[in-house]
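Work through the exercises below with the sequence and the coordinates open beside you. Each one sets a task and is followed by a solution in steps.

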Amino acid sequence: MATAKQIYLIDGTAYIYRAYHAIRSLSNSKGFPTNAIFGFTRMLMKLIEERQPRFVGMFFDAKGPTFRHDRYPAYKANRPPMPDDMAAQIPHIKAVTAAFRIPVLEMSGFEADDLIGTVARQAEADGFEVVLVTGDKDFVQLLTERISIYDPMKDRAVAATDFRRDHGLEPLQMIDVMGLSGDTADNVPGVPGIGPKTALDLIRTYQSIDGVYERIEEITKAKQRANLENNRDKAFLSRELVRIETAAPLAFSPTAFEHQPPDQAKLTELFQTFEFRQLQQAF
């Protein structure tokens, strides 16, 4: 059960994608696709049942480009368009979220990650323990003694102490690691030839991208050094792109995140429409 000063911040956009790809070929008798709705709803019910959050918020990406596209127009340019059958389910996922009476936040120009990062830091400063509900590895950069990660789909929790033990780095240093290695999923370039393992080793040794370039003469592998020297701008740009914004223009108010009892009548109606008999019985 959640403590009185604990807040759960849910990465809704990530879970829509994960649910869609985890469950295939599910639709109601009218042929409307329901796989993403079902997986998302099941995740949400698991979280509410097991954690009983007193404070909780759901975050989605808004449509359109973000400030990262202004900085690097090719950001996420390699991603295919959202499948039509997935896009059709998003309004219904938001309806399910509303029926569970969980507040929703999205903001033009920012990703869900940035809004979560902003609320997380403000809530932490307000004395809350913050639980980031996500399976996205990028969020480890936000870990602190009062901010942790929980993935209900894998039933896995990660704390800052876990990260330090496993990687020998501070969570914030992952920004530098990802700046060097890049991120193919988001079309973040990084430094060619520098993969995640090499990037980890470099940051363990030099502490940051700045440290790598300040002591570049110490790198004895000729090709690795040449790649770093020839792609300095890409390394620093990539660090900017992977850094989760924690100062988006919004203000944290605890009362706005207080979880209210779900609208059972609305949920029953939605579950009947989607023909989620299993979830109806569980609910």
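**Exercise 1. Aromatic rings.** In this predicted model, find which residues ring pairs link into a cluster with F38, and then classify the pair formed by F274 and F276 as stacked, tilted or edge-to-face.

*Solution.* The cluster that ring pairs build consists of F38, F271, F274 and F276. By the ring-pair rule, the count of aromatic pairs comes to nine. For F274 and F276 the ring centres are 5.4 Å apart, and the planes meet at 40 degrees. The centres therefore satisfy the limit of 6.5 Å, and since the angle is neither under 30 degrees nor over 60, the pair is tilted. Turning to accessibility, F274 is buried with a relative accessible area of 3%, and F276 is likewise buried, with a value of 3%.

**Exercise 2. Charges over rings.** Determine which ring the charged end of R24 sits over, and which ring face R51 lies over.

*Solution.* The charged end of R24 is placed over the ring of Y20, at 5.0 Å from the centre of that ring. R51, in turn, lies over the face of Y150, with a distance of 3.8 Å to the ring centre.

**Exercise 3. The surroundings of strand β4.** Establish how many residues of β4 are buried, and which strands are joined to β4 by bridges.

*Solution.* Strand β4 covers residues 129–133, and four of its five residues are buried, so the strand is largely enclosed by the rest of the structure. Strand β1, residues 6–11, is joined to β4 by five bridges, and the two run parallel. Within that pairing, I7 has V130 of β4 as its bridge partner. Strand β5, residues 147–151, is joined to β4 by four bridges, again in a parallel arrangement, and here the bridge partner of L132 is I149 in β5.

**Exercise 4. A residue in a loop.** Locate Q89, decide whether Q89 is buried or exposed, and list the residues with which Q89 is in contact once its neighbours within four places in sequence are left aside.

*Solution.* Q89 is placed in the loop between α4 (84–87) and α5 (90–99). Its relative accessible area is 0%, and because the threshold for a buried residue is under 20%, Q89 counts as buried. With the neighbours within four places set aside, Q89 contacts Y20, F32, P33, T34, N35, A36 and I37.

**Exercise 5. Salt bridges and their exposure.** State how many salt bridges the structure holds, and then examine the pairs K76 and E111, D138 and K137, and R164 and E170.

*Solution.* As background, side chains of opposite charge can pair when their charged atoms come close. The total for the structure is 23 salt bridges. In the pair K76 and E111, the side chains meet at 3.0 Å, N to O. This pair links distant parts of the chain, with K76 in the loop between α3 (67–71) and α4, E111 in the loop between β3 (104–105) and α6 (112–125), and their positions 35 residues apart. Both K76 and E111 are buried, and a network of salt bridges links these two residues with R68 and D114.

In the second pair, the side chains of D138 and K137 meet at 3.3 Å, N to O. D138 is buried at 10% relative accessibility, whereas K137 is exposed at 54%. In the third pair, R164 and E170 meet at 3.0 Å, N to O; R164 is partly exposed, with a relative accessible area of 27%, and E170 is also partly exposed, at 40%.

**Exercise 6. Helix α6.** Compare the span of α6 with the expected one, and determine how many of its residues are buried.

*Solution.* α6 has 14 residues and reaches 20 Å from its first C-alpha to its last, which is close to the 20 Å expected at 1.5 Å a residue. Eleven of the 14 residues are buried, and the helix is thus mostly covered. Among the buried residues are A112, D113, D114, L115 and I116. Just after α6, G127 adopts a positive phi of about 95 degrees.

**Exercise 7. A separation in space.** Place A74 in the chain and find how far A74 is from R156 in space.

*Solution.* A74 is found in the loop between α3 and α4, and is partly exposed, with a relative accessible area of 25%. A74 and R156 are 82 residues apart in sequence, and their C-alpha atoms lie 33 Å apart in space.

Definitions and conventions:
Residues numbered from 1 in each chain as written. Predicted model: local features only at pLDDT ≥ 70, side-chain atom pairs only at ≥ 80, totals over all residues. Heavy atoms only, no water. Phe/Tyr/Trp six-rings, centres within 6.5 Å; stacked < 30°, edge-to-face > 60°. Buried < 20%, exposed > 50% of the residue type's maximum accessible area, 1.4 Å probe, protein only. Lys NZ or Arg CZ within 6 Å of the ring centre and 35° of its normal. Pairing = 2+ DSSP bridges. Contact = heavy atoms within 4.5 Å. Salt bridge = Lys/Arg side-chain N within 4 Å of Asp/Glu carboxyl O. Expected span 1.5 Å × (residues − 1).
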